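Let's take a walk through this model together, moving from one contact to the next. Keep the 3D view open as you read.

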Amino acid sequence: MFRKLMIPAVVALVLAFFASNALALNPAVIYDLGGKFDKSFNQAAHMGAERFSQETGIKYRDFEPTNESQYEQALRRFASRGSDLIVVVGFSFASALEKIAPEFPDTKFVIIDMVVAQPNVESVVFKEHEGSFLVGMLAAMKTKTGKIGFVGGMDVPLIRKFALGYKEGAQYVNKDITLFENMTGTTPAAWGDPIKAGELARSQFDRGADVVFTAAGGSGMGVLQAAADARKFSIGVDSNQNYIHPGSVLTSMVKRVDLAVFEAMRDARNGDWEPGLKVLGLAEGGVDYAMDKYNEALITPEMKARVDQAKADIISGKIVVTNYFDIMDR
């Protein structure tokens, strides 16, 4: 009886010990343009913060800018008001963070999709080209016309990175495949223009494409809608978007921004947070293609087996997918 009474007491003491050794944390998240419910990039970050909050009971503050001029102001406001871990979601924050981080040396900052070399900044980047290669393979195996498309958001090297990986994956299956490629714009407004993105997708469908991959943030909703309307296939991005138009979304190139945000907050709370570069690819579970009940009927066992073999070959190094940034550096 005494032993049975002691076990719960010991467990309680152990839990209390770990709780006392966890650091107090006052985190904040600043989203990119498009808002935290864009069903894509920003929403993935929001999901990561929500997961952390639900698992720890720690609340976080967040902010949705409406223009780039608010980036620096938001960073300074959160840092000056006691946020000790601030996550900024998107490469567009780089210049503002370069300025603000040195002003608050005791504040931890995390930037997604860009490298900022400051002693109090963790930079998280992804191997988008690896995940895009896999969905490019699926597009090439699914098309009946031999023509596929890509609609990007803002025309920047990061989105070109998605496009090149997609192209290489498709050509791995069919070297003669035709690929149409368009970008929604050249300014940050390109992330929030689903009408323009839908028009571009329809143009590609009119030219014979029957699968279109979008990497355009909130604008991508227009591509998914256009594909559903035309009874063609789309490929989502960042978050798993298979559920949005079941039967029309072939798959999604999942980019685990949620994981990056969750792990940054968790590490800061546990005292394990470190500045510097963190790279997440297929091997780290940072990117992948999505399979679930909404698209399982669209991908045959043969298609899945072939893409899973390619995934293993990329992880082992047998297949090397070109990183667009490496081309830029030449």
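A good place to begin is a charge over a ring: the charged end of Arg 77 sits over the ring of Phe 78, 5.5 Å from its centre. Please bear in mind that this is a predicted model. There is another arrangement of this kind to look for, in which Arg 51 lies over the face of Phe 262, at 3.6 Å from the ring centre.

For orientation, the UniProt record, an unreviewed entry, annotates residues 34–304 as "domain: ABC transporter substrate-binding protein PnrA-like". Within this span, 40% is helix and 23% is strand, and the end C-alpha atoms lie 33 Å apart.

Now turn to strand 6, which is mostly covered, with 7 of its 8 residues buried. What lies beside this strand? Strand 7 (residues 178–185) runs parallel to strand 6 and is joined to it by 7 bridges. If you would like a residue to click on, Gly 152 has Met 183 in strand 7 as its bridge partner. Strand 6 also pairs with strand 8, again in the parallel sense, over 4 bridges. Here Val 151 has Thr 214 of strand 8 as its bridge partner. Follow the chain and you will find that strand 6, helix 6 and strand 7 make up a right-handed β-α-β unit.

The aromatic side chains add another layer to this picture. How many aromatic pairs does the model hold? The count comes to 7. In one of them, Phe 150 and Tyr 166 have ring centres 6.2 Å apart; their planes meet at 40 degrees, so the pair is tilted. This pair links distant parts of the chain, as Phe 150 belongs to strand 6 (residues 147–154) and Tyr 166 to helix 6 (residues 157–173), 16 residues apart. Phe 150 counts as buried because its relative accessible area is 0%, under the 20% cut-off. Tyr 166 is buried as well, at 0% relative accessibility.

Helix 6 takes part in a further pair. The rings of Phe 162 and Phe 213 have centres 6.5 Å apart and planes at 55 degrees, so this pair too is tilted. Because Phe 162 lies in helix 6 and Phe 213 in strand 8 (residues 211–215), the pair ties together parts that are 51 residues apart in sequence. Both Phe 162 and Phe 213 are buried. Put the two pairs together on your screen: Phe 150, Phe 162, Tyr 166 and Phe 213 form one aromatic cluster.

From here, move on to helix 8 (residues 220–230). Its buried residues are Gly 220, Met 221, Gly 222, Val 223, Leu 224, Ala 226 and Ala 227. Which elements cover them? Among them are strand 6, helix 7 (194–206), strand 8, strand 9 and strand 10. After helix 8 comes Arg 231, whose phi is positive, near 55 degrees.

Our last stop is His 245, found in the loop between strand 9 (233–238) and strand 10 (249–255). Is this histidine buried or exposed? His 245 is buried, because its relative accessible area is 17%, and the cut-off for buried is under 20%. Leaving aside residues up to four places away in sequence, His 245 touches Leu 224, Gln 225 and Ala 228. One of these, Leu 224, is among the buried residues of helix 8, which brings us back to the helix we have just visited.

Key. Residues numbered from 1 in each chain as written. Predicted model: local features only at pLDDT ≥ 70, side-chain atom pairs only at ≥ 80, totals over all residues. Heavy atoms only, no water. Helix = DSSP H or I, 4+ residues; strand = E, 2+ residues; numbered from the N terminus. Buried < 20%, exposed > 50% of the residue type's maximum accessible area, 1.4 Å probe, protein only. Contact = heavy atoms within 4.5 Å. Phe/Tyr/Trp six-rings, centres within 6.5 Å; stacked < 30°, edge-to-face > 60°. Lys NZ or Arg CZ within 6 Å of the ring centre and 35° of its normal. UniProt positions renumbered as here; feature names shortened; annotations may be inferred. Pairing = 2+ DSSP bridges. Right-handed = clockwise from strand over helix to strand, strands pointing away.
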